[in-house]
Amino acid sequence: MKFDVLSLFPEMIYGAFREGIVAQALKEEKIALKVWNPRDQSQDVHKTVDDRPFGGGDGMVMLPEILNKTLSQIPREKSSRVIYLSPQGQKLSHQKVLELKEYQQLVLICGRYGGIDERFIESFVDEELSVGDYVVSGGEIPAMIVIDAVSRQIPGVLGNKDSAAIESFSGGLLEHPQYTRPQSWNGKEVPQVLLSGHHEKIETWKRESQLSRTLERRPDLLVGRDLKKPEFEKACEDLGLRHRIAVGLVHYPVYNKGGEVVSTNVTNLDIHDIARACRSYGIDRYYIITPAEEQLSFVGRVLEHWQEGRGIQYNPTRKDSLINVRLARSFEEAYLDWGEKDALKVATSARQISGPKPVRFPQLREIALKKPVFLLFGTGWGLENTFVRSMDLLLEPVWGRSPQGFRHLSVRSAVSIVLDRLFGSCY
Ligand SMILES: C[S@@+](CC[C@H](N)C(=O)[O-])C[C@H]1O[C@@H](n2cnc3c(N)ncnc32)[C@H](O)[C@@H]1O
């Protein structure tokens with residue numbers, strides 16, 4: 001891997017890699033590093049590399065032509081990527097590091113002052129990378145981070161060939177805690193299992209520690225993983241965490257199109273489609289909530305048909321999809337039946353309703369890893385306002401791209417989209 005860095009401060013970069021793992025890798029020629037100073041391309045006596053921004057504002061902007069001349073000096077490998085380190089770029093991650101290590105050459109552009117001329121970025125930069133949501137004074141430290149993180153992934157750079165593979169993030173989890181001598185220090189002991197010499201038990205302890213550490217500190221890393229797997233269930237149990245979700249389809253109290261509070265009829269499609277979505281996303285219970293006795297007995301008949309009646313011969317898989325469906329006369333009855341006493345009550349609505357605390361999808365994804373959540377969906381024209389206000393949280397509406405702001409989804413679509421945003425594995 002060749003790293004070519006465009007920087008006004010070459011010594012910052014070279015200095016950072018005079019010692020340590022990257023220095024060793026440079027010495028052993030496992031990687032190569034060269035810094036190119038744009039100032040060398042400046043023709044005037046002051047060696048100017050920047051100018052004031054058009055339109056005014058603080059901070060000088062680096063000149064595109066000087067950067068262009070510097071970039072064209074660099075011999076390019078066949079597989080090469082030009083990266084501008086920028087707070088506006090995609091955030092650097094373990095995944096991105098693995099992707100970058102596949103190139104033969106990374107050309108890293110370090111901005112200074114107010115940044116660099118946008119036209120240079122548009123013309124020559126393949127991608128912009130950020131090291132986090134804050135601004136540092138120049139791209140040099142971010143470039144060093146890229147060089148260091150990518151170098152560690154190059155075979156032979158780390159002493160033990162496995163050490164990059166077991167570090168934090170490599171399996172999507174944080175690393176387990178580490179201990180060294182002495183066994184007892186500052187009144188604290190090394191966990192007994194690590195001294196046992198029992199290889200299998202040690203491995204199990206490491207894995208369990210990784211899971212519980214990740215659940216506690218970075219639950220966002222676990223979003224989209226199958227938390228129903230026994231190892232996650234155990235880690236959750238050990239930490240007193242429970243990944244428990246219930247969905248309620250409310251038929252009363254909801255609005256009709258005239259704005260009146262009504263009780264709607266249960267539809268066959270809602271029974272089946274929502275049950276299937278809930279089953280697919282690992283939801284514990286799907287409550288169909290209606291106070292109307294004839295509606296309850298209608299749903300009861302439908303369930304009976306598919307679970308015990310002639311429906312089994314017609315389509316045996318329906319039984320499985322309906323396994324978590326329950327009936328309740330009210331939300332309170334459903335909540336009690338579920339038995340999760342401290343479950344958060346979360347309403348959904350296409351409308352903005354003042355009162356309950358709003359919650360966004362990413363926040364609720366994290367909350368749901370730590371607390372049981374009861375998600376409520378309204379039929380008709382949506383959940384009645386006082387009902388919504390009696391909930392703990394109101395989930396942000398599902399927004400699409402309709403230019404006119406149209407967002408009248410069927411409740412079945414809304415449930416599927418919400419479940420996927422909260423518990424799906426693809427984002
Ligand atoms: C003071 S910053 C300019 C910030 C720019 N005016 C803005 O608000 O987007 C100077 C340079 O530092 C680098 N830089 C600053 N923060 C960064 C971050 N979070 N990640 C990567 N590079 C960063 C960029 O190369 C940038 O051109």
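The paragraphs below look at the surroundings of the ligand, one helix and one strand residue in a predicted model.

A good place to start is the ligand. Its shell is made up of 21 residues, and the closest are Leu85, Pro87, Gly111, Gly139 and Pro142. Strand S5, which spans residues 80–91, supplies the largest share of this shell, with 4 residues. Sorted by class, the shell around the ligand holds 11 polar residues, 9 nonpolar residues and 1 charged residue.

Helix H3 comes next. Within this helix, which runs over residues 64–73, the buried residues are Ile66, Leu67, Thr70 and Leu71. These residues lie on the same side of H3, because they cover an arc of only 130° around the axis. Several elements help to cover the buried residues of H3, including strand S1 (2–6), strand S2 (32–36), strand S4 (61–62) and helix H5 (118–124).

A single residue, Val325, rounds off the picture. Val325 belongs to strand S14, formed by residues 325–328. Is Val325 buried or exposed? Val325 counts as buried because it has 22 C-beta neighbours inside 10 Å, and the label of buried requires 20 or more. Once neighbours within four places in sequence are left aside, the residues in contact with Val325 are Ala275, Tyr286, Ile288 and Leu303. As for Gln295, 30 residues separate it from Val325 in sequence, while the C-alpha to C-alpha separation in space is 15 Å.

Notes
Residues are numbered from 1 along each chain as its sequence is written. This is a predicted model: local features need pLDDT of at least 70, side-chain atom pairs count only at pLDDT 80 or more; totals for chains, interfaces and linings use all residues. A residue is near a molecule or strand if its C-beta atom, placed from the backbone, lies within 6 Å of it. Helices (H or I, at least four residues) and strands (E, at least two) are DSSP runs, numbered from the N terminus. Ala, Val, Leu, Ile, Met, Phe, Trp, Tyr, Cys and Pro count as nonpolar, Asp, Glu, Lys and Arg as charged, and the others, Gly among them, as polar. A residue is buried if 20 or more other C-beta atoms lie within 10 Å of its own, exposed if 12 or fewer, and partly exposed in between; C-beta atoms are placed from the backbone. Two residues are in contact if their C-beta atoms, placed from the backbone, lie within 7 Å. The arc is that of the directions from the helix axis to the C-beta atoms.
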